[in-house]
Amino acid sequence: MSIFTPTNQVKLTNVAVVRLKKCGKRFEIACYKNKVMSWRNKVEKDIDEVLQTHTVFTNVSKGQVAKKEDLVKAFGTEDQTEICTKILAKGELQVSEKERSQQLESAFRDIATIVADKCVNPESKRPYPVGVIERAMKDIHYSVIPTRSTKQQALEVIRQLKETMQIERAQMRLRLVLPAKDAKKVQEKLKSLLSSIESEEWDTDLEMVCLVDPGCYREIDEILRVETRGRGAVEMLSLKDVEAEDKQIE
(Lines give C-alpha, C1' and ligand atoms only; values in the text may rest on other atoms or scores of the structure.)
Protein backbone atom coordinates (compact mmCIF):
# COMPACT_ATOMS: atom_id res chain seq x y z
CA MET A 1 0.00 0.00 0.00
CA SER A 2 1.46 3.35 -0.99
CA ILE A 3 -0.09 6.70 -0.17
CA PHE A 4 1.12 10.07 -1.46
CA THR A 5 0.40 13.13 0.63
CA PRO A 6 0.77 16.31 -1.42
CA THR A 7 0.36 18.50 1.70
CA ASN A 8 3.79 17.75 3.03
CA GLN A 9 5.23 15.70 0.17
CA VAL A 10 5.72 12.67 2.39
CA LYS A 11 5.15 9.30 0.79
CA LEU A 12 3.68 6.87 3.30
CA THR A 13 4.23 3.15 2.75
CA ASN A 14 3.20 0.02 4.67
CA VAL A 15 0.44 2.09 6.28
CA ALA A 16 -1.93 1.10 9.04
CA VAL A 17 -4.63 3.72 9.58
CA VAL A 18 -6.19 4.31 13.01
CA ARG A 19 -9.43 6.29 12.89
CA LEU A 20 -11.38 8.11 15.60
CA LYS A 21 -14.64 10.02 15.18
CA LYS A 22 -15.12 12.91 17.57
CA CYS A 23 -17.32 16.01 17.60
CA GLY A 24 -18.78 14.93 14.27
CA LYS A 25 -15.37 14.88 12.58
CA ARG A 26 -13.18 12.03 11.42
CA PHE A 27 -9.53 12.02 12.49
CA GLU A 28 -6.92 9.57 11.23
CA ILE A 29 -3.26 8.84 11.90
CA ALA A 30 -0.79 6.84 9.81
CA CYS A 31 1.01 4.07 11.70
CA TYR A 32 3.34 1.21 10.87
CA LYS A 33 1.62 -2.14 10.52
CA ASN A 34 2.06 -4.57 13.41
CA LYS A 35 3.07 -1.71 15.71
CA VAL A 36 -0.37 -0.54 16.79
CA MET A 37 -1.14 -3.67 18.83
CA SER A 38 2.40 -3.69 20.24
CA TRP A 39 1.78 -0.15 21.51
CA ARG A 40 -1.60 -1.03 22.98
CA ASN A 41 -0.14 -4.10 24.67
CA LYS A 42 2.65 -1.89 26.09
CA VAL A 43 5.32 -3.93 24.29
CA GLU A 44 6.36 -0.96 22.13
CA LYS A 45 6.88 2.24 24.12
CA ASP A 46 8.54 4.50 21.54
CA ILE A 47 5.81 6.50 19.77
CA ASP A 48 8.19 7.20 16.87
CA GLU A 49 8.31 3.47 16.17
CA VAL A 50 4.51 3.44 15.82
CA LEU A 51 3.69 6.68 13.96
CA GLN A 52 4.76 7.23 10.38
CA THR A 53 4.31 10.94 10.93
CA HIS A 54 3.18 13.07 13.89
CA THR A 55 0.37 14.50 11.79
CA VAL A 56 -3.37 14.18 12.26
CA PHE A 57 -5.37 13.73 9.06
CA THR A 58 -9.02 13.76 8.16
CA ASN A 59 -8.17 11.29 5.41
CA VAL A 60 -4.77 9.60 5.32
CA SER A 61 -5.15 8.09 1.86
CA LYS A 62 -5.90 11.50 0.32
CA GLY A 63 -3.31 13.31 2.43
CA GLN A 64 -5.92 15.66 3.91
CA VAL A 65 -4.55 17.19 7.11
CA ALA A 66 -6.94 18.07 9.95
CA LYS A 67 -7.53 21.76 10.66
CA LYS A 68 -6.15 23.19 13.89
CA GLU A 69 -9.51 24.60 14.97
CA ASP A 70 -11.11 21.15 14.58
CA LEU A 71 -8.34 19.55 16.66
CA VAL A 72 -8.70 22.11 19.46
CA LYS A 73 -12.48 21.68 19.49
CA ALA A 74 -12.29 17.87 19.59
CA PHE A 75 -9.22 17.31 21.76
CA GLY A 76 -8.70 20.59 23.62
CA THR A 77 -5.20 20.96 22.20
CA GLU A 78 -3.40 21.38 18.89
CA ASP A 79 -0.40 19.31 20.01
CA GLN A 80 -0.22 16.76 17.20
CA THR A 81 1.77 14.14 19.14
CA GLU A 82 -0.60 14.29 22.13
CA ILE A 83 -3.59 13.93 19.82
CA CYS A 84 -1.94 11.07 17.94
CA THR A 85 -1.46 9.27 21.26
CA LYS A 86 -5.16 9.69 22.11
CA ILE A 87 -6.25 8.41 18.70
CA LEU A 88 -3.83 5.50 19.02
CA ALA A 89 -5.36 4.55 22.36
CA LYS A 90 -9.06 4.85 21.48
CA GLY A 91 -9.25 4.76 17.69
CA GLU A 92 -10.31 1.90 15.45
CA LEU A 93 -7.59 0.17 13.45
CA GLN A 94 -8.61 0.03 9.80
CA VAL A 95 -7.79 -3.19 7.98
CA SER A 96 -8.62 -4.49 4.52
CA GLU A 97 -11.11 -7.32 4.01
CA LYS A 98 -8.22 -9.64 3.10
CA GLU A 99 -6.33 -8.74 6.28
CA ARG A 100 -9.48 -9.09 8.39
CA SER A 101 -10.11 -12.51 6.87
CA GLN A 102 -6.54 -13.60 7.59
CA GLN A 103 -6.79 -12.35 11.18
CA LEU A 104 -10.04 -14.26 11.73
CA GLU A 105 -8.55 -17.45 10.25
CA SER A 106 -5.49 -17.10 12.47
CA ALA A 107 -7.65 -16.50 15.56
CA PHE A 108 -9.82 -19.51 14.63
CA ARG A 109 -6.71 -21.73 14.55
CA ASP A 110 -5.43 -20.24 17.81
CA ILE A 111 -8.75 -20.99 19.55
CA ALA A 112 -8.74 -24.57 18.23
CA THR A 113 -5.15 -25.01 19.44
CA ILE A 114 -6.05 -23.79 22.95
CA VAL A 115 -9.07 -26.13 23.09
CA ALA A 116 -6.97 -29.09 21.92
CA ASP A 117 -4.34 -28.26 24.53
CA LYS A 118 -6.81 -27.96 27.41
CA CYS A 119 -9.14 -30.85 26.62
CA VAL A 120 -9.29 -34.61 26.23
CA ASN A 121 -11.68 -37.31 25.13
CA PRO A 122 -13.08 -38.36 28.56
CA GLU A 123 -13.14 -42.05 27.52
CA SER A 124 -9.60 -42.38 26.17
CA LYS A 125 -8.10 -39.54 28.28
CA ARG A 126 -6.22 -38.51 25.16
CA PRO A 127 -6.21 -35.08 23.52
CA TYR A 128 -7.94 -34.41 20.23
CA PRO A 129 -5.78 -33.29 17.29
CA VAL A 130 -6.16 -29.60 16.45
CA GLY A 131 -7.63 -30.52 13.05
CA VAL A 132 -10.46 -32.46 14.71
CA ILE A 133 -11.28 -29.46 16.93
CA GLU A 134 -11.24 -27.12 13.92
CA ARG A 135 -13.72 -29.35 12.04
CA ALA A 136 -15.93 -29.57 15.12
CA MET A 137 -15.89 -25.77 15.43
CA LYS A 138 -16.94 -25.46 11.80
CA ASP A 139 -19.71 -28.01 12.36
CA ILE A 140 -21.22 -25.85 15.11
CA HIS A 141 -20.68 -22.77 12.90
CA TYR A 142 -18.52 -21.00 15.46
CA SER A 143 -17.68 -17.43 14.47
CA VAL A 144 -14.64 -15.67 15.90
CA ILE A 145 -15.35 -12.49 17.88
CA PRO A 146 -12.46 -10.08 17.10
CA THR A 147 -12.97 -8.03 20.26
CA ARG A 148 -12.61 -10.99 22.64
CA SER A 149 -9.41 -12.82 23.56
CA THR A 150 -8.78 -16.25 22.07
CA LYS A 151 -8.58 -17.72 25.59
CA GLN A 152 -12.05 -16.42 26.49
CA GLN A 153 -13.44 -17.77 23.25
CA ALA A 154 -11.75 -21.15 23.76
CA LEU A 155 -13.67 -21.59 27.04
CA GLU A 156 -16.91 -20.76 25.21
CA VAL A 157 -16.04 -23.21 22.41
CA ILE A 158 -15.45 -25.98 24.97
CA ARG A 159 -18.90 -25.31 26.43
CA GLN A 160 -20.54 -25.48 22.99
CA LEU A 161 -18.61 -28.56 21.83
CA LYS A 162 -19.79 -30.51 24.88
CA GLU A 163 -23.24 -30.51 23.27
CA THR A 164 -22.03 -32.25 20.11
CA MET A 165 -19.03 -34.41 21.06
CA GLN A 166 -17.32 -36.15 23.98
CA ILE A 167 -14.94 -33.53 25.30
CA GLU A 168 -13.89 -32.46 28.78
CA ARG A 169 -11.27 -30.19 30.30
CA ALA A 170 -8.12 -32.17 31.06
CA GLN A 171 -7.93 -32.67 34.80
CA MET A 172 -5.31 -31.13 37.07
CA ARG A 173 -3.58 -33.42 39.56
CA LEU A 174 -3.14 -31.85 43.01
CA ARG A 175 -1.59 -32.89 46.30
CA LEU A 176 -3.50 -31.46 49.25
CA VAL A 177 -2.19 -31.39 52.81
CA LEU A 178 -4.89 -30.94 55.47
CA PRO A 179 -3.94 -30.43 59.12
CA ALA A 180 -5.38 -33.27 61.21
CA LYS A 181 -7.47 -30.93 63.35
CA ASP A 182 -9.37 -29.51 60.36
CA ALA A 183 -9.08 -32.44 57.94
CA LYS A 184 -12.60 -33.90 58.13
CA LYS A 185 -14.34 -30.52 57.98
CA VAL A 186 -12.21 -29.27 55.08
CA GLN A 187 -12.46 -32.55 53.20
CA GLU A 188 -16.25 -32.32 53.36
CA LYS A 189 -16.18 -28.78 51.93
CA LEU A 190 -13.83 -29.82 49.12
CA LYS A 191 -15.76 -32.96 48.17
CA SER A 192 -17.92 -31.34 45.47
CA LEU A 193 -14.88 -29.69 43.84
CA LEU A 194 -12.82 -32.87 43.46
CA SER A 195 -13.36 -35.00 40.36
CA SER A 196 -11.71 -38.03 41.97
CA ILE A 197 -9.42 -38.92 44.86
CA GLU A 198 -6.46 -41.09 43.88
CA SER A 199 -4.99 -41.59 47.34
CA GLU A 200 -5.39 -40.63 51.00
CA GLU A 201 -2.66 -41.04 53.59
CA TRP A 202 -2.80 -40.19 57.27
CA ASP A 203 0.38 -39.32 59.09
CA THR A 204 0.41 -36.26 61.29
CA ASP A 205 -1.75 -34.62 58.62
CA LEU A 206 -4.00 -35.91 55.86
CA GLU A 207 -2.36 -36.00 52.45
CA MET A 208 -4.60 -36.40 49.41
CA VAL A 209 -3.76 -36.76 45.72
CA CYS A 210 -6.75 -35.87 43.59
CA LEU A 211 -7.89 -34.82 40.14
CA VAL A 212 -9.80 -31.56 39.73
CA ASP A 213 -11.17 -29.41 36.96
CA PRO A 214 -8.71 -26.51 36.40
CA GLY A 215 -11.56 -24.07 36.90
CA CYS A 216 -11.90 -25.22 40.53
CA TYR A 217 -8.28 -24.60 41.51
CA ARG A 218 -8.75 -21.11 42.92
CA GLU A 219 -11.78 -22.10 44.99
CA ILE A 220 -9.93 -25.12 46.41
CA ASP A 221 -6.93 -22.95 47.28
CA GLU A 222 -9.19 -20.36 48.93
CA ILE A 223 -11.09 -22.93 51.03
CA LEU A 224 -7.85 -24.55 52.18
CA ARG A 225 -6.25 -21.23 53.06
CA VAL A 226 -9.25 -19.89 54.99
CA GLU A 227 -10.41 -23.06 56.74
CA THR A 228 -6.91 -24.11 57.87
CA ARG A 229 -5.80 -20.52 58.56
CA GLY A 230 -2.86 -20.95 56.21
CA ARG A 231 -1.63 -24.23 57.70
CA GLY A 232 -2.83 -26.38 54.79
CA ALA A 233 -1.07 -26.67 51.42
CA VAL A 234 -1.85 -27.20 47.76
CA GLU A 235 0.77 -28.56 45.40
CA MET A 236 0.23 -28.94 41.66
CA LEU A 237 1.63 -32.31 40.57
CA SER A 238 0.63 -32.02 36.94
CA LEU A 239 -1.27 -29.42 34.96
CA LYS A 240 -3.07 -31.94 32.79
CA ASP A 241 -4.00 -35.55 33.42
CA VAL A 242 -3.53 -36.91 29.90
CA GLU A 243 -2.92 -40.49 28.86
CA ALA A 244 0.43 -40.48 27.09
CA GLU A 245 0.75 -42.19 23.73
CA ASP A 246 2.77 -45.38 23.79
CA LYS A 247 6.24 -44.65 22.48
CA GLN A 248 8.49 -47.31 21.08
CA ILE A 249 12.22 -46.68 21.17
CA GLU A 250 13.93 -48.09 18.15
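These legends walk you through several close-up views of one predicted model.

**View 1. The chain is divided into three parts by its domain assignment.** Start here to get your bearings. Domain 1 covers residues 15-94, domain 2 covers residues 97-169 and domain 3 covers residues 172-238. Taken over C-alpha atoms, the centres of domain 2 and domain 3 are 31 Å apart.

**View 2. This stretch carries a central-domain annotation in UniProt.** In an unreviewed entry, UniProt places the feature "domain: Ribosome maturation protein SDO1/SBDS central" at residues 109-170. If you follow the chain over residues 109-170, 52% of it is helix and 6% is strand. The C-alpha atoms at the two ends of this span lie 20 Å apart.

**View 3. A C-terminal annotation from UniProt covers this stretch.** The unreviewed entry gives residues 172-239 the name "domain: Ribosome maturation protein SDO1/SBDS C-terminal". Here the span is 28% helix and 44% strand. Look for its two end C-alpha atoms, which lie 5 Å apart.

**View 4. The largest pocket has a volume of about 600 Å³.** Rolling a probe the size of a water molecule over the atoms shows where empty space is left. Which residues lie nearest the centre of the largest pocket? They are A16, L93, Q94, V95 and Q103, and the whole lining has 27 residues. At least two lining residues come from each of β3 (15-22), β4 (25-32), α1 (36-40), β7 (92-94) and α5 (97-118). Strand β3 provides the largest share of this lining, 4 residues. Sorted by class, the lining of the largest pocket has 11 nonpolar, 8 polar and 8 charged residues. Both domain 1 (15-94) and domain 2 (97-169) take part, each giving at least three residues to the lining of the largest pocket.

**View 5. The second largest pocket holds about 430 Å³ of space.** Its lining is made of 16 residues, and Q103, A107, I145, P146 and T147 lie nearest the centre. You may recognise Q103, which is also among the residues nearest the centre of the largest pocket. Which element gives the most to the lining of the second largest pocket? That is α5, with 6 residues. The elements β7, α5 and α7 (150-161) each supply at least two residues of this lining. By class, the lining of the second largest pocket divides into 6 nonpolar, 6 polar and 4 charged residues.

**View 6. F27 and F75 form an aromatic pair.** A pair of aromatic rings is described by the distance of the centres and the angle of the planes. The count in this model comes to 1 aromatic pair. For F27 and F75, the ring centres are 5.2 Å apart and the planes meet at 65°, an edge-to-face arrangement. The pair links distant parts of the chain, with F27 in strand β4 and F75 in helix α3 (residues 68-75), 48 residues apart. Are these rings' residues buried or exposed? F27 counts as buried because its relative accessible area is 1%, under the 20% cut-off. F75 is buried too, because its value of 8% is also under 20%.

**View 7. C23 and R229 each have a positive phi.** Most residues other than glycine have a negative phi, and most peptide bonds are trans. That makes these two worth a look. Phi of C23 is near 50°, and C23 sits in the loop between β3 and β4. With 46% relative accessibility, C23 counts as partly exposed. Phi of R229 is near 55°. To find R229, go to the loop between α9 (217-227) and β13 (233-241). R229 counts as exposed because its relative accessibility is 52%, which is over the 50% cut-off.

**View 8. E69 and Q153 have C-alpha atoms that are 43 Å apart.** Along the chain, E69 and Q153 are 84 residues apart. E69 belongs to helix α3, the helix that also holds F75 of the aromatic pair. Is E69 buried or exposed? Its relative accessible area is 55%, so E69 is exposed. F75, by contrast, is buried at 8%.

Methods: Residues numbered from 1 in each chain as written. Predicted model: local features only at pLDDT ≥ 70, side-chain atom pairs only at ≥ 80, totals over all residues. Heavy atoms only, no water. UniProt positions renumbered as here; feature names shortened; annotations may be inferred. 1 Å grid on protein atoms, 1.4 Å probe; cavity = no way out; pocket = protein on both sides within 12 Å on 5 of 7 lines; lining within 4 Å. Points joined across faces, edges and corners; volume = space filled by probe spheres on them. Nonpolar A, V, L, I, M, F, W, Y, C, P; charged D, E, K, R; others polar. Domains from an automatic or database assignment. Phe/Tyr/Trp six-rings, centres within 6.5 Å; stacked < 30°, edge-to-face > 60°. Buried < 20%, exposed > 50% of the residue type's maximum accessible area, 1.4 Å probe, protein only.
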